[in-house]
Amino acid sequence: MRLSLKPLGPCIVSNSSRDFTSRSCITASQPATFTRRFMEKRGSKNWEGLRKEVEGQWVHSRGNPRLVKLGKRWMEYQGIRNWDGLLDPLDDKLRCEILRYGDFVDATYKAFDFDSSSPTYATCLFPKNFILDGAGLPNTGYRPTRNLRATSGIQLPRWIKKASSWVATESSWIGYVAVCQDKEEIARLGRRDVVIAYRGTATCLEWLENLRATLTPLPSAHSDCMVERGFLSLYTSRTATSPSLQDLVREEVASLLQSYGDEPLSLTITGHSLGAALAILTAYDIKTTFSRAPLVTVVSFGGPRVGNRNFRCQLERQGTKVLRIVNSDDLITKVPGFVIDDNGVAGDHDVRVSGLPSWIPKRVVDTQWLYADVGRELRLRSRDSPYLGSINVATCHDLRTYLHLVDGFVSSKCPFRPMIKKVIKSYGAQKIRV
């Protein structure tokens with residue numbers, strides 16, 4: 001995979017627009033989501049060197065992110081009004097919050113042991129209390145309180161279980177729960193925030209679960225409420241020695257509500273790729289299980305589709321707020337199945353499927369392949385960035401690309417802001433292989 005840094009073309013912002021040269025929270029580039037071994041084989045030292053130099057310049061330009069105070073408007077930034085008026089153009093404070101939650105997701109990749117030859121494969125590299133410090137986020141004001149593991153429900157033959165750990169690992173570390181404990185950060189945020197962060201697909205069985213893309217009824221829900229079979233399996237499956245991800249989440253949330261339920265509180269669930277899908281299932285489960293659950297918000301990056309239209313309607317009735325960060329050039333956000341075109345749905349006898357001819361018969365609705373997108377969408381494009389010279393599946397889906405695009409996005413009329421040129425223009429057309 002190859003990333004290319006090129007000079008930025010002009011982007012004219014009207015005088016009535018915000019001053020884009022005085023950002024308080026900017027990240028030019030994020031650490032890679034790949035394993036150290038993967039990157040070393042592809043000359044990652046060059047990339048890491050550039051990343052450190054660029055990040056060093058950003059630290060000076062962005063100042064202290066804690067100066068971005070949300071205060072009494074925190075619920076607005078958590079989606080209580082569905083982010084109306086904040087997405088186009090992208091509000092500076094919301095940009096900062098999206099990047100901040102993206103850092104929490106990035107920490108899940110940096111804390112995961114990708115080395116299949118290691119005896120600790122698919123576990124967390126750091127002790128629970130030091131996950132954020134070990135992942136390069138030492139001053140967030142959050143304290144990790146629970147490790148989270150996901151278990152596959154796929155039954156493997158006994159002979160496969162004797163194969164390599166990458167193939168046979170049923171349960172793996174997939175994220176963590178962290179609680180804001182710093183008084184200054186709580187004051188800045190306007191409430192105490194709980195973060196649940198998930199990584200994307202890493203193990204063989206997780207990949208296989210992704211391929212189980214048909215819809216299946218959601219337990220303890222309306223019979224017409226359906227979600228992707230593989231995602232549900234990873235969320236609810238358990239073994240004799242490993243509780244399900246659902247069990248772990250419910251237990252931790254119950255404890256946190258008991259400790260902090262009487263104060264202003266928010267639950268923010270964030271993830272990338274597979275983690276984005278699990279974040280939506282987690283939000284649904286929390287709102288279904290706990291009658292006094294606080295405002296639950298999902299911030300997802302590059303997530304696939306999760307459920308059908310009835311599932312989406314149930315999320316909306318619950319009051320779950322979902323902000324999907326979508327790269328139009330990312331294939332993963334376009335799968336699985338087909339999507340309902342709501343503008344074309346006039347009734348039971350007039351159903352259209354986005355991307356397919358209008359003559360598709362009504363029985364398509366009864367299939368296990370008809371999905372619906374959920375929540376609000378912040379749509380970005382890799383091709384709008386002048387620095388991403390290689391537009392391929394891997395690059396477009398990389399979390400690092402998503403954070404770069406969020407950082408640069410201005411509005412639909414000015415897709416990429418000019419300030420980034422001041423930071424990395426000196427690298428010209430230098431190409432970096434990753």
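How do β3 and β4 pair, in the parallel or the antiparallel sense, and over how many bridges? They pair in the antiparallel sense, over five bridges. Keep in mind that this is a predicted model. Let me start with the sheet and work outwards.

The sheet is open and has seven strands. Their order is β2-β3-β4-β7-β8-β9-β13, and the pairing is mixed. At the edges stand β2, residues 142-151, and β13, residues 376-380. Each has a single partner strand, so one side of each has no neighbour in the sheet. From one strand to the next, the twist averages 15 degrees.

Now the pairings, beginning at β2. Strands β2 and β3 run antiparallel, joined by nine bridges. Here Tyr-142 stands opposite Cys-180 in β3. Further along, Tyr-176 stands opposite Ala-197 in β4. Then the sense changes: β4 and β7 run parallel, with seven bridges between them. Val-194 has Leu-267 in β7 as its bridge partner. As a reminder, strands of a sheet pair through backbone hydrogen bonds, either parallel or antiparallel.

Let me stay with β4 for a moment. How many of its seven residues are buried? Seven of the seven, so β4 is largely enclosed by the rest of the structure. Both of its faces are covered. One side carries Arg-192, Val-194, Ile-196 and Tyr-198. The other carries Asp-193, Val-195 and Ala-197.

Next, the helices on the sheet. Helix α11, residues 245-260, lies across β2, β3, β4 and β7. It runs at about 155 degrees to β2. Helix α12 lies across β3, β4, β7, β8 and β9. Its angle to β7 is about 150 degrees.

On to α13. Which of its residues are buried? They are Phe-311, Arg-312, Leu-315 and Gln-318. These four cover an arc of only 120 degrees around the axis, which puts them on the same side of α13. The general rule helps here: an α-helix has 3.6 residues a turn, so residues three or four places apart point the same way. On the other side of α13, Glu-316 and Arg-317 are exposed. The cover over the buried residues includes β6, residues 226-228, and α12. After α13 comes Gly-319, with a positive phi near 90 degrees.

Last topic: aromatic rings. Across the whole structure, a search finds six aromatic pairs. One of them is Phe-112 with Tyr-121: the ring centres are 6.5 Å apart and the planes are at 70 degrees, so this pair is edge-to-face. Phe-112 counts as buried, at 3% relative accessibility. Tyr-121 is buried too, with a relative accessible area of 7%.

Tyr-284 and Phe-311 make a tilted pair, because their centres are 5.4 Å apart and their planes are at 50 degrees. This pair links distant parts of the chain, 27 residues apart. Tyr-284 is in α12, residues 274-289, and Phe-311 is in α13, residues 309-318. Tyr-284 and Phe-311 are both buried.

There is a cluster as well. Tyr-101, Phe-104 and Tyr-142 form one aromatic cluster.

Finally, charges over rings. The charged end of Arg-100 sits over the ring of Tyr-101, 4.6 Å from its centre. Over the ring of Phe-112 sits the charged end of Arg-199, at 4.2 Å from the ring centre.

Note on methods: Residues numbered from 1 in each chain as written. Predicted model: local features only at pLDDT ≥ 70, side-chain atom pairs only at ≥ 80, totals over all residues. Heavy atoms only, no water. Phe/Tyr/Trp six-rings, centres within 6.5 Å; stacked < 30°, edge-to-face > 60°. Buried < 20%, exposed > 50% of the residue type's maximum accessible area, 1.4 Å probe, protein only. Helix = DSSP H or I, 4+ residues; strand = E, 2+ residues; numbered from the N terminus. Lys NZ or Arg CZ within 6 Å of the ring centre and 35° of its normal. Pairing = 2+ DSSP bridges. Axes fitted to C-alpha atoms, helices over the stretch in contact; angles between N-to-C directions. Contact = heavy atoms within 4.5 Å. Arc of directions from axis to C-beta.
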